[in-house]
Amino acid sequence: HWGDATAQVLREREVAVADLDASDGLAAVAWADGRVELLALPGGEVLTEAELAEPDLLRLSPSGELLLGADASGHMRLWTVPGLAPAGALSGHEGALIGAHWSSDSAWLLTTSHDYTTRTWSLAEQREQESARLELGWQVTAQWSEDRSRLILGGPDPQIADASSHETLVSFHIPPSYASLE
């Protein structure tokens, strides 16, 4: 629920990417000039701001305590919420992120990238879990099951995989006639 005032602010300025946490009444917005702002909803009051060159993706954590920002090269920064104080950086992807999904406890992050990998990150250690890297081809999105035992991967060949072994449990084939509905 953006509210009329927030919608007006977004219309007046050039938004690059945004994420919304309606339960906490927050919106994270990255503008084309590299400013990242945390806005109070519904009015759109700027609470604080940070910088991110070439903003490409923003994700607020389910706990409401962290904000992930990624630039066009796939470099990721973490900030605390609501102050947007730097909380770390993650690197490893060699292409822009397509998606990012937080675990329900905000302790883990799952990212998909144009480098054809899906990676799992430990936020406590602020590093990639090498054993959890998947090179499955282009995936538009990846998400864990609630208990983090399975990965749901969406892309040209969607599948459900075991989160530990990466063994495909279920795969789907989408016929070309359904893949691009006109």
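Are Glu37 and Arg35 buried or exposed? Both turn out to be buried: Glu37 is, and so is Arg35. The legends below take us through this predicted model, from the whole chain to its salt bridges.

**View 1. The whole chain, with two helices and 16 strands.** Here is the overall picture to keep in mind for the close-ups. Of the 182 residues in the chain, 46% are buried. The chain exposes about 9,300 Å², and carbon and sulfur atoms supply 50% of that area. Looking at contacts between residues at least 6 apart in sequence, we find that 31% join residues at least 24 apart.

**View 2. Arg35 with its partner Glu37.** Welcome to one of the three salt bridges that the structure holds. The side chains of Arg35 and Glu37 meet here, with an N to O distance of 2.8 Å. Both Glu37 and Arg35 are buried.

**View 3. Arg35 with its partner Asp33.** Arg35 also forms a salt bridge with Asp33, where the closest N and O atoms lie 2.8 Å apart. Asp33 has 51% relative accessibility and therefore counts as exposed, since the cut-off for exposed is over 50%.

**View 4. Arg119 with its partner Asp115.** In this salt bridge, the closest N and O atoms of Arg119 and Asp115 are 3.6 Å apart. Arg119 is buried, with a relative accessible area of 5%. Asp115 is buried as well, its relative accessible area being 18%. For a last look back at the earlier close-ups, salt bridges that share partners join Asp33, Arg35 and Glu37 into one network.

Definitions and conventions:
Residues are numbered from 1 along each chain as its sequence is written. This is a predicted model: local features need pLDDT of at least 70, side-chain atom pairs count only at pLDDT 80 or more; totals for chains, interfaces and linings use all residues. Side-chain values use heavy atoms; hydrogens and water are left out. Helices (H or I, at least four residues) and strands (E, at least two) are DSSP runs, numbered from the N terminus. Buried means under 20% relative accessible area, exposed over 50%, partly exposed in between (1.4 Å probe, protein chains only). Contact means heavy atoms within 4.5 Å. Accessible areas come from the Shrake-Rupley method with a 1.4 Å probe; for residues, only the protein chains shown count as cover. A salt bridge is a side-chain nitrogen of Lys or Arg within 4 Å of a carboxyl oxygen of Asp or Glu.
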